[in-house]
Amino acid sequence: MDHKIKTIGILTSGGDAPGMNAAVRAVTRTALFNGINVKGIYKGFNGLMSGNMKNLTLRDVSGILERGGTCLYSARCPEFNSDEGVEKGKLACQKAGIDALVVCGGDGSFRGARDLSLKGVPCIGIPCTIDNDIAATEYSIGYDTAINTVVKNIDKLRDTSQSHDRCSVVEVMGRNCGDIALRSAICDGAVSFLVPEIEYDLERDIINKMRTTLGTGKSHFIVIVAEGVTQADPKFEGDEPMDAARIAAYIQEKTGVEARATVIGHVQRGGSPSARDRVIASEMGHYAVELLMKGIGNRIVTRQGSTTTDVDILEGLKMEKTIDINLVRVANEISI
Ligand code: F6P
């Protein structure tokens, strides 16, 4: 790779995540500080292919650090799953004079970055997804803000559940990953939580636990369900997917405790990024540009413990995310 890159492109792709703006700002400012031009590409890989981009100045990225969402807009781009799409992306980079690309997003976006890398455009991935489901990194930008949003919302549900001696069944995001569900279960003292990584049994994991705690005098309950569970499980009464409302009805029928379902939904994706997300996004954005300046491309910036580091994009995408089994044990043992 040519070490003297003159222009970096940056885009945000896939589901937005609080802190994406902080990453865009850090990439832009670090590049400009080092005499490298930056092209902000709008609407992810769609904008790359159509040339929807502009040069970013220092002031273009002012006032975005504390804002959720992404000033570059985001999109999922099925066309970039095809070779023709990636070829278009490569040609667009050549046309715009983009020597290297920074992609802020999740696994899907990194697959696009990998394919573009294989065509000779050096790419760096910055992990941004509230799901925290990227195996290569212990932490993805947006997760901390999202989990704090979830916890604040469940705190409110707890107030009303307590007043009415009810059970709140709460569906949280996490398509294939139970990290939001697991940690919010700990933060909110949920009696039970269901995650896509662990096979569950409603009788054993919810009903029996509720009966036991009813016996110790508890009268209100929080049950947390990751959306991946509700989408994936066809085994409950025929082949209809499970959802929070069906679980709530089942709980009410089996335990006699009145139950209500709440889907927190896209609220989890918005809001001003937490301090943690702003710091990590700033560090990762800075790190991404430093890699490119050293002539290193085709990497995913990662977080291991409190260290920012990087991994080969092909290797990173082959890794498999697992749930923290010790934390699962903690959650289960203190929810009695
Ligand atoms: O990947 C983040 C995420 O919020 C998932 O938790 C969720 O399944 C998905 O995005 C929702 O995507 P969309 O914004 O397309 O509805």
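Visitor: What makes the pair formed by His 266 and an oxygen atom of the ligand a polar contact?

Guide: This is a predicted model. An N or O atom in the side chain of His 266 is 3.0 Å from an oxygen atom of the ligand. The cut-off for N or O pairs is within 3.5 Å, so the pair counts as a polar contact.

Visitor: Why does Arg 175 count as a polar contact of the ligand?

Guide: A polar side-chain atom of Arg 175 lies 3.3 Å from a ligand oxygen. That value is within 3.5 Å, so the pair qualifies. Arg 76 has such an atom too, 2.9 Å from an oxygen atom of the ligand.

Visitor: How much of the ligand does the protein cover?

Guide: On its own the ligand has 400 Å² of accessible area, and the protein covers 76% of this.

Visitor: Which residues surround the ligand?

Guide: Among them are Asp 131, Met 173, Gly 174, Glu 227 and Arg 269.

Visitor: How do α6 and α12 cross?

Guide: Their axes come within 10 Å and cross at roughly 35°. The crossing is left-handed. On α6, Leu 182, Arg 183 and Ile 186 make the contact. On α12, the residues are Leu 327, Val 328, Val 330 and Ala 331.

Visitor: Why is one residue of this contact called charged?

Guide: The contact divides into 6 nonpolar, no polar and 1 charged. Arg counts as charged, so Arg 183 is that residue.

Terms used:
Residues numbered from 1 in each chain as written. Predicted model: local features only at pLDDT ≥ 70, side-chain atom pairs only at ≥ 80, totals over all residues. Heavy atoms only, no water. Axes fitted to C-alpha atoms, helices over the stretch in contact; angles between N-to-C directions. Helix = DSSP H or I, 4+ residues; strand = E, 2+ residues; numbered from the N terminus. Left-handed = near helix turned anticlockwise from the far one by under 90°. Contact = heavy atoms within 4.5 Å. Near = heavy atom within 4 Å. Polar contact = N/O pair within 3.5 Å; in protein donor to acceptor, adjacent residues only side chain to side chain. Areas by Shrake-Rupley, 256 points an atom, 1.4 Å probe, with all protein chains shown as cover.
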